[in-house]
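Reader: Hey, can you walk me through this model? I'm new to reading structures, so keep it simple.

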Amino acid sequence: MPHGRVLIVDADPLFVRTAREALGVAGYETIAESDALCGMEQVAASQPGVIVCNAHPPGIEGFELLRELRANYPEVPVVLVADEGSIELALRAIQQEGAFHFFEKPVEPRSLIEVVNRAFQSADGADDELEDGMRPAGDGETPFAFGKLIGSSEPMRRVYSLVDQVATSSASVLITGESGTGKEMVARTIHQLSPRRRAQFVAINCSAIPETLMESELFGHERGAFTGAATRRQGCFELAHGGTLLLDEIAEMPAFLQAKLLRVLEERTVRRLGGAHETPVDVRVLAATNRDPHDAVRAGVFREDLLYRLNVITIELPPLRLRKDDLPLLAQHMIKRLSARHERPARRISAAALDVLNIHHWPGNVRELRNVIERAVIICSGESIERHHVAPYPLDQRARARSEDTITLPVGTPLEEVERQMLLRTLHKTDNNKTRAAALLQISLKTLHNKLRSYRERGLLDELQGSHFSTSSAAASSGKARE
Ligand SMILES: Nc1ncnc2c1ncn2[C@@H]1O[C@H](COP(=O)(O)OP(=O)(O)OP(=O)(O)O)[C@@H](O)[C@H]1O
Ligand SMILES: [Mg+2]
């Protein structure tokens with residue numbers, strides 16, 4: 001009865017034979033490949049639970065195979081075996097490159113079995129952690145979700161675990177993150193998971209309400225408190241009594257109100273405009289901002305004492321471009337919801353269409369993704385969303401905005417040069433992920449590697465890559481600008 005499947009990538013037949021025998025006796029199914037490219041293809045084909053591979057297999061440089069594996073299959077532990085090792089190399093492999101373990105040959109069969117056992121356990125353990133910390137989404141069909149929040153990437157798991165920890169208390173939480181990253185959703189989730197869930201969740205957007213009205217929105221007013229105050233009115237604090245109040249875009253709140261808010265948070269009572277007495281309120285306050293709160297303090301628009309009062313706990317939502325692992329889950333979830341809403345036939349998204357989503361920078365984060373999917377669902381007449389349903393969006397808009405996404409070449413450029421530029425640009429765009437770049441270019445990984453090797457040999461690589469990396473950092477910072 002096999003425990004699981006192990007892929008071995010090594011060109012040394014003696015090692016491969018010993019390893020297969022040992023792991024076979026221990027109950028594992030083994031597959032072996034002698035070079036890196038076949039190894040990569042085998043991972044996709046046979047989905048091993050653990051990979052044992054040579055640190056420098058033929059056909060690839062340095063730790064490149066390990067890097068590719070970590071980038072494309074982060075959940076599969078990789079055990080490295082080196083023909084010659086050193087402590088420095090082992091440390092680098094494990095700490096910087098994410099290898100599970102580093103062996104120097106000859107490898108003792110018993111140690112190999114032990115390490116592979118542990119590697120399998122670690123992969124299982126990661127799943128357990130996920131189950132424990134997470135509650136299933138409402139429909140039970142979305143395994144990687146927390147309440148209504150979708151995503152299984154590392155950064156989102158950290159968010160879930162923070163939300164879980166803070167939900168039961170009444171502490172203030174400051175939620176930060178770029179526009180469209182899900183700050184309001186996180187606030188609602190905290191409320192839903194808290195003992196306050198039966199009372200109101202009230203949200204007020206401090207940047208959308210005119211200054212003159214905001215005070216009465218927050219604290220309420222008595223009849224006749226100001227012109228137009230025909231009746232007495234409760235403010236957000238009173239409405240949220242027993243529940244949760246989200247102060248959205250808190251850094252945009254006028255200074256005089258920040259001072260009043262601070263007093264309310266400290267005294268836990270509010271006085272309506274034109275009112276004579278204080279009303280006690282039991283409200284949990286959450287605040288959100290898409291600015292860096294410390295920058296806002298430095299800029300003099302956000303009171304430092306209010307910041308410290310509010311950010312007892314800070315939850316920082318990662319931008320979508322730093323959690324692209326979540327794209328398939330998010331897209332699938334949105335397709336389901338939106339095709340039901342619009343009564344459309346779309347049920348899934350093709351790999352090619354996902355690739356298009358993957359190279360986009362997502363300045364508008366999850367909200368922007370939702371808009372792209374909604375448009376695709378509406379224009380798609382079949383069950384599968386294809387490349388052309390999503391491509392026009394990023395390509396049209398982004399190509400104009402960021403020249404990095406297009407290549408302009410004079411008519412008559414040799415085709416080989418056109419190919420070289422396209423290849424290097426695509427690699428740059430995919431953060432040097434060769435598997436992804438090959439998929440986008442619709443060539444095999446092997447072809448991509450061969451072309452790169454030939455550029456390298458002819459000295460056509462370094463100079464170009466250098467210049468690309470400099471555009472890369474400029475693009476990364478300009479990409480942060482909101483649209
Ligand atoms: N993790 C997620 N899973 C599912 N949907 C999400 C997730 N994060 C955000 N969304 C969706 O993205 C959209 C934007 O989310 P939300 O309004 O919470 O963002 P925000 O950070 O408050 O944005 P802003 O700063 O512009 O106010 C909503 O439609 C929300 O449903
Ligand atoms: Mg919001």
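Author: Let's go through the model, starting with the ground rules and then the ligand, the sheets and a few odd residues.

Author: It's a predicted model, in which local features need pLDDT of at least 70 and side-chain atom pairs count only at pLDDT 80 or more, while totals for chains, interfaces and linings use all residues. Residues are numbered from 1 along each chain as its sequence is written, and chains are lettered from A and ligands numbered from 1 in the order in which they are written.

Reader: Cool. How many residues surround ligand 1?

Author: There are 16 of them, and the closest are Ile150, Gly182, Lys183, Glu184 and Val366. A residue is near the ligand if its C-beta atom, placed from the backbone, lies within 6 Å of it.

Reader: What kinds of residues are in that shell?

Author: The shell has 5 nonpolar, 7 polar and 4 charged residues. Ala, Val, Leu, Ile, Met, Phe, Trp, Tyr, Cys and Pro count as nonpolar, Asp, Glu, Lys and Arg as charged, and the others, Gly among them, as polar.

Reader: And which helices and strands supply them?

Author: Strand S7 (149-150), helix H7 (183-193) and helix H15 (365-379) each supply at least two residues of the shell. Those labels are DSSP runs numbered from the N terminus: helices are H or I with at least four residues, strands are E with at least two.

Reader: Where does ligand 1 lie relative to the domains?

Author: Domain 2 (145-318) and domain 3 (323-401) both give residues to the shell, so ligand 1 lies between them. The domain bounds come from an automatic or database domain assignment.

Reader: OK, new topic. Which residues in the largest nonpolar core touch the most other members?

Author: Ile175, Val186, Phe237 and Leu286 do, out of 66 residues in that core. H15 turns up again, giving the most to this core with 6 residues. Domain 2 (145-318) and domain 3 (323-401) both contribute to the core, so the core lies between them too.

Reader: What counts as a core here?

Author: A nonpolar core is a set of buried Ala, Val, Leu, Ile, Met, Phe, Trp, Tyr and Cys residues joined through C-beta atoms within 7 Å. Buried means that 20 or more other C-beta atoms lie within 10 Å of a residue's own, exposed means 12 or fewer, and partly exposed is in between, with C-beta atoms placed from the backbone.

Reader: Got it. On to sheets: what's the strand order in the one with S1?

Author: That open sheet of 5 strands runs S2-S1-S3-S4-S5, with parallel pairing. S2 and S5 are at the edges with a single partner strand each, so one side of each has no neighbour in the sheet. Two strands pair if DSSP finds at least two bridges between them.

Reader: How many bridges join S1 to S2?

Author: 5 bridges join strand S1 to strand S2 (residues 29-33). Within that pair, valine 6 is opposite threonine 30, and isoleucine 8 is opposite alanine 32. As for burial, 4 of the 5 residues of S1 (residues 5-9) are buried.

Reader: And S3 with S4?

Author: Strand S3 (residues 50-54) and S4 pair in the parallel sense over 4 bridges, with valine 52 opposite valine 79. In S4 (residues 78-82), 4 of the 5 residues are buried.

Reader: What's the order in the sheet with S9?

Author: It goes S9-S10-S13-S8-S14, an open sheet of 5 strands with parallel pairing. The edge strands are S9 (201-205) and S14 (313-316), each pairing on one side only. Inside it, S8 (residues 173-176) and S13 (residues 284-289) are joined by 4 bridges, and threonine 176 has threonine 289 as its bridge partner.

Reader: Last thing: which peptide bond is cis?

Author: The one from lysine 105 to proline 106, with omega near 0 degrees. Proline 106 sits in the loop between strand S5 (101-104) and helix H5 (109-133). Most residues other than glycine have a negative phi, and most peptide bonds are trans.

Reader: What's phi for aspartate 431?

Author: Phi of aspartate 431 is near 55 degrees, a positive value in a residue other than glycine. Aspartate 431 is in the loop between helix H18 (415-429) and helix H19 (434-441), and is exposed, with 12 other C-beta atoms within 10 Å.
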